[in-house]
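Please load the model into your viewer and keep a selection tool and a colouring menu at hand. The tour below moves from the whole chain to single side chains.

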Amino acid sequence: MSEQEELTAIQHRLDELLQRVGQLESTVDQLRAAGPATPAPAPSKSPGRPELVTIPDTPYNSALWTDTDDEGLGARDRHAP
C-alpha cells in the first residue's frame, strides 16, 4: 500500500469516527431530553458495613477435594521438599 493510499484510508477512518461521535452525541442529547431514568432501588445494607454470610459447621463433601493439591505443599501423596 502506498503512502497516499494509507493517508486516504486514515482520513476515511477519521471521517467515520467523527460521524459515529456525532451519532453518540445525538443519542446522549435524546436521553437527556427524555428526563431522568427511574432510580434504582436503594441497597438493603448500610454502606459502611459488609453483608454477613453464615458459614455452616457441617463438613464439606470430600468429593469436592478429589485430585486437588494443597497449595504450597504439593500433591497429597508426595512429601514437601
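What follows is a sequence of selections, each with a short account of what can be found there.

Begin with the whole protein in a cartoon view, keeping in mind that this is a predicted model. The secondary structure comes to one helix and two strands, and following the sequence gives the pattern α-β-β. If you then switch to a surface view, the protein exposes about 8,500 Å², of which carbon and sulfur atoms supply 57%. Of its 81 residues, 1% count as buried.

Next, colour by pLDDT. The average for the protein is 80, and 70% of the residues score at least 70. Among the elements, H1 has the highest mean value, 93, whereas strand S2 (residues 74-75) has the lowest, 60. Where pLDDT is low, the predicted coordinates should not be read in detail.

Now select helix H1, residues 3-33. H1 has 31 residues and reaches 45 Å from its first C-alpha to its last, close to the 45 Å expected at 1.5 Å a residue. Moving just past the helix, select Gly 35, which follows H1 and has a positive phi, near 100°.

Return to H1 and show the side chains of Arg 20 and Glu 16, which both lie in this helix, four residues apart, or about one turn. Side chains of opposite charge can pair when their charged atoms come close. Here Arg 20 forms a salt bridge with Glu 16, and the closest N and O atoms are 3.2 Å apart; the structure holds one salt bridge. How accessible are the two partners, Arg 20 and Glu 16? Arg 20 is exposed, because its relative accessible area is 54%, and Glu 16 is partly exposed, because its relative accessible area is 29%.

For the next stop, select Leu 7, Ile 10, Leu 14, Leu 17 and Val 21 together, and display them as a surface: these residues form a nonpolar patch with about 440 Å² of accessible area together. One of them, Leu 7, lies in helix H1 and has a relative accessibility of 47%, so it counts as partly exposed.

Finally, move to the loop between H1 and strand S1 (69-70), where Tyr 60 is found. Is Tyr 60 buried or exposed? Tyr 60 is exposed, because its relative accessible area is 59%. Extend the selection to Ile 55 and Trp 65, which Tyr 60 touches when residues up to four places away in sequence are not counted.

Technical notes: Residues numbered from 1 in each chain as written. Heavy atoms only, no water. Patch = residues over 30% accessible without salt bridge, like charges linked within 9 Å, V, L, I, M, F, W, Y side chains within 5 Å. Areas by Shrake-Rupley, 256 points an atom, 1.4 Å probe, with all protein chains shown as cover. Salt bridge = Lys/Arg side-chain N within 4 Å of Asp/Glu carboxyl O. Buried < 20%, exposed > 50% of the residue type's maximum accessible area, 1.4 Å probe, protein only. Expected span 1.5 Å × (residues − 1). pLDDT = per-residue confidence, 0-100. Contact = heavy atoms within 4.5 Å.
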